[in-house]
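This report describes the fold, the pockets and several individual residues of one protein chain. Please keep the structure in view while reading.

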Amino acid sequence: MNKYNVLWVDDEFDSPDLQEIADKAEDKFSIVLNGIKSAEEAVEELDKINRNEIHYDAILLDARFYQSKNDINNVDGIGLRAVIKKLDQLEGKGIILPRFILTGQKDLEKNLMFEETYGKSYSKHSPEDINVLLSEICNQADKRIDTQIRHNNKEV
């Protein structure tokens, strides 16, 4: 089975509830979720992609997470905007990562303004949404040339 390496930006990625999602992703979909908590760390990781030091097949974003590594209280949407800005810069260089939003924010679930701004989001509270999300991550990642090359040449 093909493996997928996904950058997961969520201030609570290591909580027990979200660990269940990570376990399901790996066990049933062969998706390894690499969790980080802040926009600052996400931008650093995306810079590594730009320098070909690391690869990811997709990125999974929470709607609200820390802006910097040192934040412990300030969770807002500014971090999401910063990461999306960096993703847009990478796209300008031809590095396109499928992006997905998984949120537990009830006020953002099914919020048309949020969806028009950032794209479709999936609910952390819906097992059906999580299954659809994980399947969609695999489907979109499989369309990436880099992922196809890696999957077709595992022995290398």
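## Pockets, fold and selected residues

In the lining of the second largest pocket, helix H1 (residues 16–29) supplies the largest share, 3 residues. Helices (H or I, at least four residues) and strands (E, at least two) are DSSP runs, numbered from the N terminus. The model is a predicted one, in which local features need pLDDT of at least 70 and side-chain atom pairs count only at pLDDT 80 or more, while totals for chains, interfaces and linings use all residues. Residues are numbered from 1 along each chain as its sequence is written, and side-chain values use heavy atoms, with hydrogens and water left out.

**The two pockets**

A pocket is an open set of points on a 1 Å grid over the protein atoms alone, where a 1.4 Å probe fits, with protein on both sides within 12 Å along at least five of seven lines; lining residues have an atom within 4 Å of a point. Grid points are joined across faces, edges and corners, and the volume is the space filled by probe spheres set on the points.

The largest pocket has a volume of about 290 Å³. It is lined by 15 residues, of which Ile95, Ile96, Leu97, Arg144 and Asp146 are the closest to its centre. The lining of this largest pocket comprises 8 nonpolar, 4 polar and 3 charged residues. Here Ala, Val, Leu, Ile, Met, Phe, Trp, Tyr, Cys and Pro count as nonpolar, Asp, Glu, Lys and Arg as charged, and the others, Gly among them, as polar.

The second largest pocket has a volume of about 230 Å³. Among the 13 residues that line it, Glu12, Leu18, Gly104, Lys124 and His125 are the closest to its centre. Its lining divides into 3 nonpolar, 4 polar and 6 charged residues.

**The chain as a whole**

The protein chain contains 6 helices and 7 strands. Along the sequence, their pattern is β-α-β-α-β-β-β-α-β-α-β-α-α. The radius of gyration of the chain is 15 Å, close to the 15 Å that the globule rule gives for 156 residues, so the chain is as compact as a globular protein of that length. This radius is taken over C-alpha atoms, and the rule is 2.2 Å times the number of residues to the power 0.38. The C-alpha trace spans about 45 × 30 × 30 Å along its principal axes.

Of the 156 residues, 44% are buried. Buried means under 20% relative accessible area, exposed over 50%, and partly exposed in between (1.4 Å probe, protein chains only). Of the contacts (heavy atoms within 4.5 Å) between residues at least 6 apart in sequence, 67% join residues at least 24 apart.

**Selected residues**

| Residue | Location | Relative accessible area |
|---|---|---|
| Ser30 | loop between H1 and strand S2 (31–36) | 6%, buried |
| Asn52 | loop between helix H2 (39–50) and strand S3 (58–61) | 69%, exposed |
| Ser121 | strand S7 (residues 121–123) | 9%, buried |
| Asp129 | helix H5 (residues 127–141) | 14%, buried |

Ser30 has a positive phi of about 55 degrees although it is not a glycine. Asn52, also a residue other than glycine, has a positive phi near 60 degrees.

Which residues does Ser121 touch, not counting those up to four places away in sequence? They are Ile101, Thr103, Leu108 and Phe114. Asp129, leaving aside its neighbours within four places in sequence, is in contact with Lys110, Tyr122 and Ser123.
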